[in-house]
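Student: I should like a close look at a single part of this structure, with each term explained as it arises. Please begin with how the handedness of two packed helices is decided.

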Amino acid sequence: MNFGPLNLAGGERRLNVAVTRARCALHVFTSLKPEDIDLKRTKARGAADFRAFLDYARRGAASYLRLQQGASAEAADALADSIAAELEKLGWQCTRSVGVSDYKVDLAVLNPQHEGELLAGIALDGAVYAAANTARDRDVLRSSVLTGLGWRLLRVWALDWWQDRERALQNLHAALNKCVEQGPIQLPELPELTAPAGPASEPLPEPEAAKPVAAPPPLLGEPGKEYTPSSALPPLFEMTDAGLRSAIKSIVSVEGPMKESFLYRRLRDISFSPAVTPTIRARIHSMVQTMVNSAQLACEPEPQDAVLRLPTQPAVLPRARGNRDWDDVPNAELLAIADLVHAHLKCIAGTDDHLRGIAAYLGISRLTRTFKDHLTALLQQRNA
């Protein structure tokens, strides 16, 4: 039994994607019946799920119980076992953990007057109830989903059962008898689809070929301005405090917001200094702190760095990298660019297309592994 990718490891996930993308309805046209898939000839999880899906598509909710017969046994729920045992003593036939999703019915009671039909579901605060993530999932969403699917739900609380089992059992027995008077529950059935009536010899029209949708062009950012001094500056080791303060403010006013580490390199470049020694770095940092404390500069902390700007400049200014390397771009600017590219490409955030779009905006032709890992970590940290 070969179903292509469904036979491979993880094939059940491909099937899940294929059958859960419809917003309104899913119509299945097939010449293959569920019983045509012989699970003795394949051990693939995807093939088994495909057979179960075809059975559900053909019979709708009536396939719930059969799906459960082939499902792997889950951990026993002591509360469900105890209630089922007492109900069976009273003549009720029960089935445990009915359903095909996370919102399973703990116990389903069969209608004694209509063989094979369901009478009511019993919701418990047992293992399934405790596994819900939030109180809303436990007490509101689960019952709302099941009621919307047509279930008639009865509730039994564990505390009531263990403290006064006889009374809880009598109340449950009376409620089930009342359900018998109301008749079996009406679970939604899928409509049977038939081919449109018409002459058998009438040829079907050829489907129009799908027109390829062109991907949007990459979004390219405008490079920021680059500061050029009007006159030659002395080397950093000869620059006075006033000259250094003026140079810092001039660079930031044109190229900010900018990382402090990038400011060091820009001071080195415009002053034609051979290097930024630890002593010179400490002096620049001290001058920056003085300017921040006197409100001449605004400073935003960043891991192992800081982002500097004038108080009148925007905190974030998306632009192409210009004379910067990718690691000179502040994280806040990278995230703003990520949002612009995401809105332009209409892609899934964090995918390769998204990350390549960010690189293209910056003017980077090749997305290196280091840059990709940095962007991925940045996006995950924001969404955490």
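Tutor: A crossing of two helices is left-handed if the near helix is turned anticlockwise from the far one by less than a right angle, and right-handed if it is turned clockwise. By that rule, the crossing of α13 and α14 is right-handed, and it can serve as a first example before we turn to helix α10.

Some conventions must come first. The model is a predicted one, in which local features need pLDDT of at least 70 and side-chain atom pairs count only at pLDDT 80 or more, while totals for chains, interfaces and linings use all residues. Residues are numbered from 1 along each chain as its sequence is written, and side-chain values use heavy atoms, with hydrogens and water left out.

The protein chain has 14 helices and seven strands; these are DSSP runs numbered from the N terminus, with helices being H or I over at least four residues and strands being E over at least two. Of the 384 residues in the chain, 36% are buried. Buried means under 20% relative accessible area, exposed means over 50%, and partly exposed lies in between, using a 1.4 Å probe and protein chains only. If one takes the contacts between residues at least 6 apart in sequence, 62% join residues at least 24 apart, where contact means heavy atoms within 4.5 Å.

Let us now complete the first example. Two packed helices are described by the angle between their axes and the distance between the axes. Here the axes are lines fitted to C-alpha atoms, for helices over the stretch in contact, and the angles run from 0 to 180 degrees between N-to-C directions. Helix α13 (residues 352-362) packs with helix α14 (residues 369-383) at an angle of about 110°, the axes being 11 Å apart. This makes α13 roughly perpendicular to α14, since angles of 65 to 115 degrees count as roughly perpendicular, those under 35 as roughly parallel, those over 145 as roughly antiparallel, and the rest as oblique. From α13, the contact uses D352, H354, L355, I358, A359 and L362, and from α14 it uses F371, K372, L375, T376 and L379. These residues divide into seven nonpolar, two polar and two charged; Ala, Val, Leu, Ile, Met, Phe, Trp, Tyr, Cys and Pro count as nonpolar, Asp, Glu, Lys and Arg as charged, and the others, Gly among them, as polar.

The part to examine closely is helix α10 (residues 260-270). Its buried residues are E260, F262, L263, Y264, R266, L267 and I270. These buried residues pack against α9 (241-255), β5 (258-259), α11 (278-293) and β7 (305-309).

Among these neighbours, consider α11. The axes of α10 and α11 are 11 Å apart and meet at an angle of about 120°. The two helices are therefore oblique to each other, and their crossing is right-handed. On the α10 side the contact is made by E260, L263, Y264 and L267, and on the α11 side by R281, I284, H285 and V288. Five of the residues in this contact are nonpolar, one is polar and two are charged.

The backbone around α10 also deserves attention. Most residues other than glycine have a negative phi, and most peptide bonds are trans. Between α9 and β5, however, lies a loop that contains P257, and the peptide bond joining G256 and P257 is cis, with omega about -5°. Just after α10, F272 takes a positive phi of about 55°, and F272 is a residue other than glycine. F272 belongs to the loop between α10 and α11 and counts as exposed, at 71% relative accessibility. Q304, another residue other than glycine, has a positive phi near 60°. The place of Q304 is the loop between β6 (298-302) and β7, and at 86% relative accessibility Q304 counts as exposed.

To draw the picture together: α10 carries buried residues, including F262 and I270, packs obliquely with α11, and is followed by F272 with its positive phi.
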